[in-house]
Amino acid sequence: MSILYLTLQAKGGVGKSYVSSILAQYLQERGRSVRCIDTDTTNPTLLRYRPLQCAYLRLAEEHVVNPRAFDQLVETLTSAETDTHFVVDVGSNGFQPLMAYAVENDLFSLLDTLGVPVILNSVIAGGPDMAETLSSTKAVLEHTQAPTLIWLNAHLGTLEHRGCPVTELELFRVFEARILGWIRLAKYPAATFGQDVEQMLKQRWTFDEAIDQLRLMPQMRLRRVKQALWGQLDQVFGAAAQ
């Protein structure tokens, strides 16, 4: 069975491409056939991770998103070989057009009937982007019926809203049955782990590339970061991911 992992968030710069790259690397290491697609019209970051061999789907013509470009995405998904796992990174400027397209065409239900179930991924960032990323994640949950994996990015600040931990907010209780899990992107000490992760992200390296490039202690720290993330994803996907 093919699966579409779609990363959606209206706010830019909160880690969508990092999340997409983590998913792609994880699925590859778990033996899945993975195809990555970047749709970001202004900053196609996932495209720059060379080992992922990402394709690019052009959504905009003269800086205006053309919703019919999503027709091409559907064709790609449904014509692929069985058991292909697609990781699609939607840029912030494609969020509203894709959501409108999905609702208008009942997209996720349609894909499911065509043998391509959808797993949505939404990023909630700590700090000043908290309110906006919460709002976008709420919109994803309210306007779709697809199972959703929520990524909590602590790199940008504390993951609390008005003194309440994000995972305990009342707004998520309504959607509890559809939330697959919570993946935490931990905030690490800036001078050691944090600097290693930042260098990896700046260079657009996969974990394995970074580990090959760096010296012993950065290698060890990044292995620990990777192990922590893979462990969380194993808990979400269970035996199916093994």
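This passage describes the overall fold, the helix packing and selected residues of a predicted protein model.

The structure is a predicted model, in which local features need pLDDT of at least 70 and side-chain atom pairs count only at pLDDT 80 or more, whereas totals for chains, interfaces and linings use all residues. Residues are numbered from 1 along each chain as its sequence is written, and side-chain values use heavy atoms, with hydrogens and water left out.

The protein contains 8 helices and 11 strands, defined as DSSP runs numbered from the N terminus (helices, H or I, at least four residues; strands, E, at least two). Along the principal axes, its C-alpha atoms fill a box of roughly 50 × 40 × 40 Å. The radius of gyration is 17 Å, which agrees with the value near 18 Å for a compact globule of 242 residues; this quantity is taken over C-alpha atoms, and the globule rule is 2.2 Å times the number of residues to the power 0.38. Of the 242 residues, 50% are buried, a class that denotes under 20% relative accessible area, with exposed set at over 50% and partly exposed in between (1.4 Å probe, protein chains only). Among contacts (heavy atoms within 4.5 Å) between residues at least 6 apart in sequence, 74% join residues at least 24 apart.

UniProt, in an unreviewed entry, lists residues 10-46 under "domain: CobQ/CobB/MinD/ParA nucleotide binding". UniProt positions are given in the numbering used here, feature names are shortened, and annotations may be inferred rather than shown by experiment. Over residues 10-46 the chain is 38% helix and 16% strand, and the C-alpha atoms at the two ends lie 17 Å apart.

Packing between helices was examined for three pairs. Two packed helices are described by the angle between their axes and the distance between the axes. Axes are lines fitted to C-alpha atoms, for helices over the stretch in contact, and angles run from 0 to 180 degrees between N-to-C directions. Angles under 35 degrees count as roughly parallel, over 145 as roughly antiparallel, 65 to 115 as roughly perpendicular and the rest as oblique.

Helix H1 (residues 16-29) and H8 have axes that come within 11 Å and cross at roughly 75 degrees, so H1 is roughly perpendicular to H8. On the H1 side the contact is made by Tyr18, Ile22, Leu23, Gln25, Tyr26 and Glu29, and on the H8 side by Val225, Lys226, Leu229, Trp230, Leu233, Asp234 and Phe237. These residues divide into 9 nonpolar, 1 polar and 3 charged, where Ala, Val, Leu, Ile, Met, Phe, Trp, Tyr, Cys and Pro count as nonpolar, Asp, Glu, Lys and Arg as charged, and the others, Gly among them, as polar.

Helix H8 (residues 216-237) also packs against helix H6 (residues 190-203), with axes that come within 9 Å and cross at roughly 85 degrees. H6 is therefore roughly perpendicular to H8. Thr192, Phe193, Asp196, Val197 and Met200 of H6 form this contact with Pro218, Arg221, Leu222, Arg224 and Val225 of H8, giving 6 nonpolar, 1 polar and 3 charged residues.

For helix H3 (residues 95-105) and helix H5 (residues 130-143), the packing angle is about 10 degrees and the axes are 11 Å apart; the two helices are therefore roughly parallel to each other. Phe95, Met99 and Val103 in H3 meet Ser136, Ala139, Val140 and His143 in H5. The contact comprises 5 nonpolar and 2 polar residues, and no charged residues.

Individual residues were then considered. Thr7, in strand S1 (residues 3-8), is buried, with a relative accessible area of 0%. Not counting residues up to four places away in sequence, Thr7 touches Lys16, Val19, Ser20, Val88, Asp89, Val90 and Asn121. Gln28, in helix H1, is partly exposed because its relative accessibility is 35%. Outside its neighbours within four places in sequence, Gln28 contacts Val34, Pro51 and Leu52. The C-alpha atoms of Gln28 and Thr113, 85 residues apart along the chain, are separated by 25 Å.

Most residues other than glycine have a negative phi, and most peptide bonds are trans. Asp83, which is not a glycine, has a positive phi near 75 degrees. Asp83 lies in the loop between helix H2 (69-79) and strand S6 (84-89) and is partly exposed, at 43% relative accessibility. Arg162, likewise not a glycine, has a positive phi of about 55 degrees. Arg162 occupies the loop between strand S9 (160-161) and strand S10 (164-165) and is exposed, with a relative accessible area of 81%.
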